[in-house]
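Let's take a stroll through this protein chain, one spot at a time. Have a look at the structure, then read on.

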Amino acid sequence: MPTVINRTMSLFEWAMLLGLSVLWGGSFFFAGVALSSLPPLTLVVLRVGLAALILNAALPLAGLRLPRGREVWIAFFGMGLLNNVLPFCLIIWGQTQIASGLAAILNATTPLFTVVVAHLLTSDERMTGNRLAGALTGLVGVAVMIGTAAFADEGSHLLAQIAVLGAALSYALAGVFGRRFQRMGVPPLATATGQVTASTLLLLPVTLLTDRPWTLPMPGAPVWGAVLGIAALSTALAYLLYFRLLATAGATNLLLVTFLIPVTAILLGTGVLGESLEVRQIVGMALIAVGLAAIDGRILRRVRRRRIEEPGLYQGRDI
């Protein structure tokens, strides 16, 4: 019988979610370096292909191997399509037309889509008022934190904006679709390996036809370092955390990471690069914190419990 999905994440799960946001947030830095010499699709194939090699090498060290059944490999290809191929291609194309700040805001709609998709397609991640309000508050927080400049002169790029929203919907569908691997008894490490392997097999023929990477100039050491970083850290290690969290915390909780990625990027810029922290960024992070707390529900439940156990504390406070 499958494990019941946690509605309230443990502190360890929150720590993993924060770690995942750092790993995925770092992918923007690695991609910025690598795209100076590599076409987008070639970078995506190198990202998932090298991650597949790393994870396939790690499987026997963990005493595991990839399952061979037809059903599980159909699921791997489905997950690879929803979680890598479609969103990566949509976001890459979208960012050729719109600013990265607007793309980040549109990508932060992923928890909203997940709340709806999980409600429609699952029985144990139903929509609640707290979850919906928390997702909306977090989305507003991301928009406030990034600022109004992201929306300047973007009215003529409607298709690009729809493409990034389509990627967010694809991520939401992947989060719900990926829950089946726990029911099938596939460990998180094997699931991550199977997904990136399937993604590589799907993307490689397209990249060979469009980019013809053998004709490209040989990149320098910084580019290869960035490729290794985005493959090993932002993909291989990140997906190991992703599937571990998906199995225990559920799709809705897991995809809150899209709220945290801008937060960790700004905090890293402040702490490591000495960038200044603006008021709107502080306000945005506060709104994101409120949204996360509402979706988690732990604080609200404690307040309600205290109202029941100690009603005298709240007498005269209701308006």
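## A threonine in a helix

Thr191 sits in helix α9; helices here are DSSP runs of H or I with at least four residues, strands are runs of E with at least two, and both are numbered from the N terminus. Is Thr191 buried or exposed? Thr191 is buried, with a relative accessible area of just 1%. Buried means under 20% relative accessible area, exposed means over 50%, and partly exposed is in between (1.4 Å probe, protein chains only).

Which residues does Thr191 touch, if you skip neighbours within four places in sequence? They are Phe76, Phe181, Val186 and Phe243, where a contact means heavy atoms within 4.5 Å.

## About the model

This is a predicted model, in which local features need pLDDT of at least 70 and side-chain atom pairs count only at pLDDT 80 or more, while totals for chains, interfaces and linings use all residues. Residues are numbered from 1 along each chain as its sequence is written, and side-chain values use heavy atoms, with hydrogens and water left out.

## The whole chain

Count up the secondary structure and you get 14 helices and 0 strands. Of the chain's 319 residues, 48% are buried. Now take contacts between residues at least 6 apart in sequence: 88% of them link residues at least 24 apart.

## A loop residue

After α9 (188-210) comes a loop leading to α10 (221-249), and Arg212 lies in that loop. Its phi is near 45°, a positive value in a residue that isn't glycine. Most residues other than glycine have a negative phi. As for cover, Arg212 is partly exposed, at 45% relative accessible area.

## Two helices side by side

Helix α3 (residues 70-95) and helix α7 (residues 158-177) have axes that come within 8 Å and cross at roughly 160°. The axes are lines fitted to C-alpha atoms over the stretch in contact, with angles from 0 to 180 degrees between N-to-C directions. That's why α3 and α7 are roughly antiparallel to each other (angles over 145 degrees count as that, under 35 as roughly parallel, 65 to 115 as roughly perpendicular and the rest as oblique).

## The nonpolar cores

A nonpolar core is a set of buried Ala, Val, Leu, Ile, Met, Phe, Trp, Tyr and Cys residues joined through side-chain atoms within 4.5 Å. The largest has 71 residues, and Leu17, Leu20 and Tyr242 touch the most other members. Apart from that core lies another of 9 residues, including Phe30 and Ile230.
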